[in-house]
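Colleague: Could you take me through one part of this model, a single helix pair and the aromatic rings that go with it? I'd enjoy a close look.

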Amino acid sequence: ISLLYSYNDLGLTESMQYFLPKFWIEGKKWQIKNTIWLSFFMQLITGIIIFLLLYCNADWLAINHFHAIEAAQVIKIMSFYFLGYNMIQVCNAVFVAFQDTFCSGLMNVCNTFSALIFAIIFWLSASFSVSLFALAWIIWVAIWISVWISLLIKKYYYLFEGERDPIDKEIISTQFKYAFWVFLTTNVSTLLSNVDQQLVLNKLWAESSWYFTNMLSLLNIFLALVWPFLALLFPVTTELSTRKEKEKFRLLESMMYTHFAFLAIVVWWIFLVFWQEIAVIFYWEKFRFSWELLQILWPLLIFNCLNSLNFYLLAWLWKIKQRFSILLLSLIFNVICNVLALYVFNMDLHAVISVLALSWVVSFAGWLWIITKEHPFIFDWKFFWKNLMLIWMLCILFRWIRNTFNLFINSGRVQTLFILAWICLFYVWIVALLNWWKLKILWLEVKKIKRTES
């Protein structure tokens, strides 16, 4: 079902986040209204089409794709998700576009914790079937949709008041062009994230595919923590780009690059020291090999993090065609190298992981070249190397404590989770306190930029 998200969205959510702040600055209230309605109705139509296709073909999909007729009931239940998913997308896009950090942040927190709570319930319950889990999840989503729509109407109803305004066909055409390139990029990104898995499944069979899928899910957890911060900064940079304030844009760009690289090495430390314990928490001992595979990606994890930032920066600069071209080049590189590794040289799963990491580098190099060609920025290498040394020392210290005091010996899965959570919390506080002044400057600069724009 996650593969169909891009077809439900059609690139219109990112288009909304780009154009709404632009129209707000220019005082075009009628264009704001038209943009929201356009996105809502188009996503509603695609959501209904996808729902009907899934629901009516659930039995065929269960037999021919999942090879289990029991999956038909789950597919039918989860197909209802597309009827409401577009409403969640529109609500969040409006909150983000108008820099309503409280509502947007609250929405992301509630959605994330809801997923976590349901996962924990499913994990701890021995009688909670997948069908019951899917049904409970759909009901819960329906409740949250009513909450978010009520909040959206309460805060932004004034935008829809008044008589019906004329539709500017030229602006609508511009929005669709933007959404079209976003749609293409999303599909290439989806292919890039799934083509490796299909090649592994075809050549190395199901067991290797399981290990590879679990490893990717761990990377998605990291990206899920990064994307909300980028989404909140999207309207700020859109306004700077609209006002042609290049110096402020360059300053914000420099700060984001420095601090996202810092965030990458902070998470990298957690993977490096506690990979065995996290493997047991998530996948028991059965899929421990997934974490061993992840060790290959650790040195290049920073490129994956910065690629998330590059993805948004190119959207802010209206370089969506170039963003698509580099991502397509990365996909071609990935497919060619993996076909050679698996089918010509008969290499194993380690080669696929290495190619994935190199494809990150290809995307990073291409996107960075496009960004710096028009908007060069200064990277704070002193701050980066200082924190890299600090985290390496903490890594050595915590590894010594773990081995000396046998923190996780004879501890169960839940107990390991709580011990690890406390250690990570303590670690984050140490890093935050030692970088308090730098983080405070970042916060004040972002507030200053937003205050100037308002």
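Modeller: Happy to! Helices α2 and α12 are oblique to each other. In this predicted model, α2 (residues 12–26) and α12 (residues 301–316) pack at an angle of about 55 degrees, and their axes lie 11 Å apart. That angle counts as oblique because the roughly parallel class ends under 35 degrees and the roughly perpendicular one covers 65 to 115. The crossing of α2 past α12 is right-handed. On the α2 side, the contact is made by E14, Q17 and Y18, while α12 brings F311, Y312, A315 and W316. By character, these contact residues divide into five nonpolar, one polar and one charged.

Helix α12 also takes part in an aromatic pair, through F303. The ring centres of F303 and F364 are 4.9 Å apart with their planes at 70 degrees, so the pair is edge-to-face. Since F364 belongs to α14 (residues 349–374), the pair ties together parts that are 61 residues apart in sequence. F364 itself is buried, at 12% relative accessible area.

For the wider aromatic picture, the count comes to 21 aromatic pairs. One of them is W37 with F40, edge-to-face at 6.2 Å centre to centre and 80 degrees between the planes. Both residues sit in helix α3 (residues 29–56), three residues apart, or about one turn of the helix. W37 is partly exposed, with a relative accessibility of 39%. Finally, do have a look at F379, W381, F384 and W385, which form one aromatic cluster.

Definitions and conventions. Residues numbered from 1 in each chain as written. Predicted model: local features only at pLDDT ≥ 70, side-chain atom pairs only at ≥ 80, totals over all residues. Heavy atoms only, no water. Axes fitted to C-alpha atoms, helices over the stretch in contact; angles between N-to-C directions. Helix = DSSP H or I, 4+ residues; strand = E, 2+ residues; numbered from the N terminus. Parallel < 35°, antiparallel > 145°, perpendicular 65-115°, else oblique. Left-handed = near helix turned anticlockwise from the far one by under 90°. Contact = heavy atoms within 4.5 Å. Nonpolar A, V, L, I, M, F, W, Y, C, P; charged D, E, K, R; others polar. Phe/Tyr/Trp six-rings, centres within 6.5 Å; stacked < 30°, edge-to-face > 60°. Buried < 20%, exposed > 50% of the residue type's maximum accessible area, 1.4 Å probe, protein only.
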